[in-house]
Amino acid sequence: MKSLKAQQSKLSNSTYELEVLEANTPTGFEETAFSQKLRGINLYPLKPTQIEILQINMGKMCNQVCKHCHVDAGPDRKEIMTQDVMQHCLDVIRQHDVKTVDLTGGAPEMNPNFRWFVTEIRKISQSVNIIVRCNLTIIVANPKYNDLPEFFKEHQIEVVSSLPYFTANKTDSQRGDGVFDKSIRALEMLNAVGYGVEGSGLTLNLVYNPSGAFMPAAQDALELEFKKRLKNGYNLVFNSLYTITNLPISRFLDYLINSGNYEAYMEKLISAFNPVAAANVMCRNTISVGWDGYLFDCDFNQMLDLKVAAEGSQHIADWNQAALTNREIIVKQHCYGCTAGAGSSCGGATS
Ligand code: SF4
Ligand code: SF4
């Protein structure tokens with residue numbers, strides 16, 4: 001593959017939009033553009049299958065400041081979902097066939113209305129799968145969060161938590177000093193109430209993402225290794241490990257550019273394009289809701305402020321099921337992160 005030249009233009013709020021062009025070939029953009037790859041396998045324009053998952057960003061506030069964070073979350077972020085927007089989310093969950101509500105952030109638990117919202121979702125349906133993307137350290141960050149494991153259990157929540165590695169040095173270098181030890185304590189508290197324990201019915205899944213400019217190893221093999229090391233080292237158990245590819249946006253994009261790894265990383269993703277993973281990208285059955293109620297094809301498009309291409313239905317208050325189901329999904333170069341190798345989604349590998 002010819003070398004790629006990254007052109008960046010700085011947008012508002014320090015986000016970058018990147019166009020990848022092949023050096024010295026004016027038509028190169030078409031040849032390498034993600035949409036052209038999809039067209040080559042009859043998937044362009046990319047359309048939803050059906051809307052099953054509502055992924056809700058409850059705010060950008062977080063007790064951590066991880067290096068790879070695509071949300072650019074941290075303690076100083078003020079964006080937080082209001083109860084009014086949550087009420088519109090509840091209306092959609094009540095009126096449409098939403099199978100999974102996936103709560104994310106930032107640290108979703110830091111939203112002052114987090115517990116109210118979860119309780120209201122459970123009142124609507126006993127069967128809807130509620131996922132909380134818990135960063136683990138929030139459980140031990142402050143005594144007011146220490147009872148989160150019991151709260152999760154009471155509301156039959158599926159817990160999905162990032163643990164970049166089973167050693168302190170790799171975890172701390174990505175997520176901050178002391179994060180590994182706090183994560184181990186939080187996992188002990190989750191195991192103590194039954195999370196991850198066989199037969200408990202309480203699901204605890206972990207998420208691995210690479211610490212540098214490379215793609216994750218095979219999910220099954222890594223899961224076995226994580227299970228062995230966490231059991232032997234800390235007597236901890238969990239259900240499944242999801243491997244996730246870092247997408248070249250936000251904080252991880254800054255890292256790629258600053259470390260001189262951007263071009264090589266994009267080449268890796270592009271050359272590993274997998275048609276099966278492309279057919280299974282998560283935006284085909286998910287709608288992502290921003291903290292302010294705007295709708296996006298996925299969490300990544302949300303961070304790039306690419307609102308859904310669904311006329312009259314770009315906000316949760318204006319939800320139009322038909323317009324959203326028939327929309328065209330907005331794809332750009334960052335989408336190569338979802339289609340490389342075994343594929344990547346919020347639920348791990350896709351092929
Ligand atoms: S815990 Fe998650 S949301 Fe918070 S900074 Fe880290 S990656 Fe971002
Ligand atoms: S980045 Fe978003 S829009 Fe692009 S393929 Fe992945 S899930 Fe779909």
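The following dialogue examines a predicted model through its ligands, its sheet and some local backbone features.

Tutor: In this predicted model, local features need pLDDT of at least 70 and side-chain atom pairs count only at pLDDT 80 or more, whereas totals for chains, interfaces and linings use all residues. Residues are numbered from 1 along each chain as its sequence is written, chains are lettered from A and ligands numbered from 1 in the order in which they are written, and side-chain values use heavy atoms, with hydrogens and water left out.

Student: How do the residues of the shell around ligand 1 divide by class?

Tutor: The surrounding residues (a heavy atom within 4 Å) are Cys62, Gln64, Val65, Cys66, His68, Cys69, Ala73, Gly106, Asn135 and Arg175. In the classes used, Ala, Val, Leu, Ile, Met, Phe, Trp, Tyr, Cys and Pro count as nonpolar, Asp, Glu, Lys and Arg as charged, and the others, Gly among them, as polar. The shell around ligand 1 therefore divides into 5 nonpolar, 4 polar and 1 charged.

Student: Which residues surround ligand 2, and in which cavity does ligand 2 sit?

Tutor: The shell of ligand 2 consists of Leu247, Val281, Met282, Cys283, Cys298, Phe300, Asn301, Ile329, Ile330, His334, Cys335 and Cys338. By class, that shell has 10 nonpolar, 2 polar and no charged residues. A cavity is a set of points, on a 1 Å grid over the protein atoms alone, where a 1.4 Å probe fits but cannot get out, and a molecule sits in it if more than half of its atoms lie within 2 Å of its grid points. Ligand 1 sits in the largest cavity, and ligand 2 in the second largest cavity.

Student: Which are the edge strands of the open sheet?

Tutor: Strands are DSSP runs (E, at least two residues; helices are H or I, at least four), numbered from the N terminus, and two of them pair if DSSP finds at least two bridges between them. The order is β8-β7-β6-β5-β4-β3-β9-β10, with mixed pairing. Pairing on one side only marks the edge strands, β8 (241-243) and β10 (295-296).

Student: Which residue in β5 is the bridge partner of Val101?

Tutor: Strand β4 (residues 100-104) and strand β5 (residues 129-133) pair in the parallel sense over 4 bridges. In β5, the partner of Val101 is Ile130.

Student: Where is Gly106 found, and what is omega for the peptide bond from Gly105 to Gly106?

Tutor: Gly106 belongs to the loop between β4 and α4 (114-124), and is one of the residues surrounding ligand 1. The peptide bond from Gly105 to Gly106 is cis, with omega near 20 degrees.

Student: What is the omega of the peptide bond from Tyr44 to Pro45?

Tutor: Pro45 is placed in the loop between α2 (34-40) and β3. The bond from Tyr44 to Pro45 is cis, with omega near 0 degrees.

Definitions and conventions
1 Å grid on protein atoms, 1.4 Å probe; cavity = no way out; pocket = protein on both sides within 12 Å on 5 of 7 lines; lining within 4 Å.
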